[in-house]
Amino acid sequence: MPDTYLTRTPSSETNRKTFTFSAWCKFTDNENMIFNIGSDANNRSFIMITSHTILIENRDSGTRNCQLQTNRLFRDRSGWYHIVLSVDTTQATSSNRVKLYVNGVQETSFSTETYPPQDQLWDYNKASAHYIGRNAWSTGNPYNGLITHIHFIDGTAYAASTFGSTDSATGIWKPTTNPSVTYGTNGFFLDFADSSAMGNDVSGNNN
């Protein structure tokens, strides 16, 4: 439902340079906020679907120090997309600082391609409200569709192959149900497989 979302405020600030977000998404319209934190439109970090593309942005005091928008269009409303955002701004090579994967393949063609400066801080892992499914500072851009198997990793940048693999029989990209990862203090794994505990964090952190 478009008015349903998840939110959590970490009790302490942790690693704002290195993190990973992984989720399986099926969306039904053209403007879908997936994961967002920010105090206002000038100070925010997000990943969203817009105009059939995936858009990643980090903005600080009105300056977009990172913006990546895919050339590839994602128009399939019946299938699932596995979306992984892997960030490590300590990397010396700018294009290694932010990586986007869809269904196991790294996206390398962008209509807008601005990588953050080395050691750039993001809003993720601040002690502020993080939202899955809507804007952090307004009720705009609600996520309209399905989203499951949500991982957030605090302190490590993982590739998509950590969270999924190609089925040898069908050639279809499928989730790894129990990936070997270190979640870090503010990390979580939201499990929707158990109907008696929908959305519980099963990472061991109880976030």
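This report walks through the sheet, pockets, cysteines and a few loop residues of a predicted model.

## The open sheet

Let's start with the strands. Seven of them make an open sheet, and reading across it the order is β9-β8-β7-β2-β12-β15-β16, with antiparallel pairing. The two edges are β9 (105-106) and β16, and each has a single partner strand, so one side of each is left without a neighbour in the sheet.

Further in, β2 (residues 18-27) runs antiparallel to β12, and 8 bridges join the two. If you want a spot to look at along that pairing, find Phe21, which stands opposite Phe152 in β12. β12 also pairs with β15, again in the antiparallel sense, this time over 3 bridges. There, Ile150 has Leu190 of β15 as its bridge partner. Moving on to the edge, β15 and β16 pair over 2 bridges, antiparallel once more, and Asp191 sits opposite Asn200 in β16.

## A closer look at β15

Which way do the side chains of β15 point? Phe188 and Leu190 go one way, while Phe189 and Asp191 go the other. That fits a general pattern: in a regular strand the side chains alternate between the two faces of the sheet. What's worth a second glance is that all four of these β15 residues are buried, Asp191 included.

## The largest pocket

The largest pocket has a volume of about 300 Å³. Its lining is made by 14 residues, and the ones nearest the centre are Thr4, Leu6, Gly145, Ile147 and Phe192. Which strand gives the most to that lining? It's β12 (residues 145-154), with 5 residues. That is the strand already met above as a partner of β2 and of β15.

As for chemistry, the lining of the largest pocket has 10 nonpolar residues, 4 polar ones and no charged ones.

## The second largest pocket

Next comes the second largest pocket, with a volume of about 220 Å³. It is lined by 17 residues, and Thr7, Arg8, Phe188, Leu190 and Asn207 are the closest to its centre. Phe188 and Leu190 are the pair that point one way from β15.

Several strands chip in here: β1 (6-8), β11 (130-132), β15 (188-191) and β16 (200-201) each supply at least two residues of the lining. The largest share, 3 residues, comes from β1. By class, the lining of the second largest pocket splits into 7 nonpolar, 8 polar and 2 charged residues.

## Cysteines without a bridge

How many disulfides turn up in the whole structure? A search finds 0. Take Cys25: the closest cysteine sulfur belongs to Cys66 and is 18 Å away, so it is too far for a bond. Seen from the other end, Cys66 is in no disulfide either, with the sulfur of Cys25 as its nearest at that 18 Å distance.

Are these two cysteines buried or exposed? Cys25 has a relative accessible area of 1%, so it counts as buried. Cys66 is buried as well, at 0%.

## Loop residues around β7

Two residues flank β7. Gly79 lies in the loop between β6 (63-70) and β7, and Thr89 is in the loop between β7 (81-88) and β8 (98-102). Thr89 is buried, with a relative accessible area of 0%, and its side chain reaches the backbone oxygen of Gln120 at 2.9 Å.

Gly79 is buried too, with a relative accessible area of 16%. Gly79 and Val98 are 19 residues apart in sequence, and C-alpha to C-alpha they are 25 Å apart in space.

## Positive phi outside glycine

Finally, a couple of backbone oddities to check on screen. Ser51, in the loop between β4 (43-50) and β5 (53-60), has a phi near 50°, a positive value in a residue other than glycine. Its relative accessibility is 43%, so Ser51 counts as partly exposed.

Asn206 is the other one: its phi is positive, about 55°, although it is not a glycine. You'll find Asn206 in the segment after β16, and with 69% relative accessibility it counts as exposed.

Note on methods: Residues numbered from 1 in each chain as written. Predicted model: local features only at pLDDT ≥ 70, side-chain atom pairs only at ≥ 80, totals over all residues. Heavy atoms only, no water. 1 Å grid on protein atoms, 1.4 Å probe; cavity = no way out; pocket = protein on both sides within 12 Å on 5 of 7 lines; lining within 4 Å. Points joined across faces, edges and corners; volume = space filled by probe spheres on them. Helix = DSSP H or I, 4+ residues; strand = E, 2+ residues; numbered from the N terminus. Nonpolar A, V, L, I, M, F, W, Y, C, P; charged D, E, K, R; others polar. Buried < 20%, exposed > 50% of the residue type's maximum accessible area, 1.4 Å probe, protein only. Pairing = 2+ DSSP bridges. Disulfide = S-S within 2.5 Å. Polar contact = N/O pair within 3.5 Å; in protein donor to acceptor, adjacent residues only side chain to side chain.
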